[in-house]
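Here are my notes for anyone opening this entry without having seen it before. Have the viewer open as you read, and take the points in order.

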Amino acid sequence: MENITIGEKYVCRPVGASNPVIGVVEKLYVNTALIVVSSCEEEDQVQVEACNRRMIVSFNKIFTQTNVA
């Protein structure tokens, strides 16, 4: 995905999550981004908390930018 911006919120599916989450991009790497999860399904809550709300997402698993608070 092009034009991924640090500090913006995206709907994406990070490594280890069963469902899409909403997260803020904290850092960009070559093919992935580090996000801070702001919202997730209850099913993924344990995994998100185990990662201190920071998860890695492949660029091809970042779906849309969102303005959800």
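1. One cut-off before we start: a residue counts as buried when its relative accessible area is under 20%, as exposed when that area is over 50%, and as partly exposed in between. Keep in mind, too, that you're looking at a predicted model.

2. Let's try that cut-off on threonine 66, which is found in strand β5, residues 62–66. Its relative accessible area is 12%, so threonine 66 is buried. What is threonine 66 in contact with, leaving aside its neighbours within four places in sequence? The residues to click on are Lys9, Tyr10, Val11 and Ile22.

3. Next, the strand pairing. β2 and β3 run antiparallel and are joined by six bridges. The connection from β2 to β3 is a hairpin through three residues. To find your place in this pair, look for valine 25, which has isoleucine 35 in β3 opposite it.

4. β3 also pairs with β4, again in the antiparallel sense, and here there are five bridges. Two spots help with orientation: threonine 32 stands opposite serine 58 in β4, and leucine 34 stands opposite isoleucine 56 in β4.

5. Stay with β4 for a moment and look at its two faces. In a regular strand, side chains alternate between the two faces of the sheet. In β4, Met55 and Val57 make up the covered face, while Arg54, Ile56 and Ser58 are on the uncovered one.

6. Isoleucine 56 deserves a second look. This residue sits in strand β4 and has a relative accessibility of 34%, so isoleucine 56 counts as partly exposed. Together with Val15 and Tyr29, Ile56 forms a nonpolar patch on the surface. The accessible area of the three residues together is about 270 Å².

7. Now for the charges. Side chains of opposite charge can pair when their charged atoms come close. How many salt bridges does the structure hold? There are two, and they're worth taking one by one.

8. One of them is between the side chains of glutamate 26 and arginine 54, at 3.0 Å from N to O. This pair links distant parts of the chain: glutamate 26 belongs to strand β2 (residues 21–28) and arginine 54 to strand β4 (residues 54–58), 28 residues apart. Glutamate 26 has 35% relative accessibility, so it counts as partly exposed. Arginine 54, at 41%, is partly exposed as well.

9. The other salt bridge is formed by glutamate 49 and arginine 53, whose closest N and O atoms are 2.5 Å apart. Glutamate 49 has a relative accessible area of 39%, which means that it's partly exposed. For arginine 53 the value is 24%, so this residue is partly exposed too.

10. While you're at arginine 53, check the backbone. Arginine 53 lies in the loop between α1 and β4, and its phi is near 70°, a positive value in a residue other than glycine. Asparagine 52 is in the loop between α1 and β4 as well, and it has a positive phi of about 55° although it is not a glycine. Buried or exposed, then, for asparagine 52? With a relative accessible area of 59%, asparagine 52 is exposed.

11. Aspartate 44 is the residue I'd ask a newcomer to look at carefully. You'll find it in the loop between β3 (32–39) and α1 (45–50). Aspartate 44 is buried yet has no salt bridge. Which side chain of opposite charge is nearest to aspartate 44? That would be arginine 13, and it's 7.2 Å away. Salt bridges are counted within 4 Å from nitrogen to carboxyl oxygen, so a gap of 7.2 Å between aspartate 44 and arginine 13 doesn't qualify. Leaving aside neighbours within four places in sequence, aspartate 44 is in contact with Ala17, Ser18 and Asn19.

12. To finish, glutamate 42 lies in the loop between β3 and α1. Its relative accessible area is 73%, so glutamate 42 is exposed. From glutamate 42 to lysine 61, the separation is 19 residues in sequence and 20 Å in space, C-alpha to C-alpha.

Note on methods:
Residues are numbered from 1 along each chain as its sequence is written. This is a predicted model: local features need pLDDT of at least 70, side-chain atom pairs count only at pLDDT 80 or more; totals for chains, interfaces and linings use all residues. Side-chain values use heavy atoms; hydrogens and water are left out. Helices (H or I, at least four residues) and strands (E, at least two) are DSSP runs, numbered from the N terminus. Buried means under 20% relative accessible area, exposed over 50%, partly exposed in between (1.4 Å probe, protein chains only). Lys and Arg count as positive and Asp and Glu as negative; His and the chain ends are not counted. Contact means heavy atoms within 4.5 Å. Patches are made of residues with over 30% relative accessible area and no salt bridge: like charges are joined within 9 Å, nonpolar side chains (Val, Leu, Ile, Met, Phe, Trp, Tyr) within 5 Å. Accessible areas come from the Shrake-Rupley method with a 1.4 Å probe; for residues, only the protein chains shown count as cover. Two strands pair if DSSP finds at least two bridges between them.
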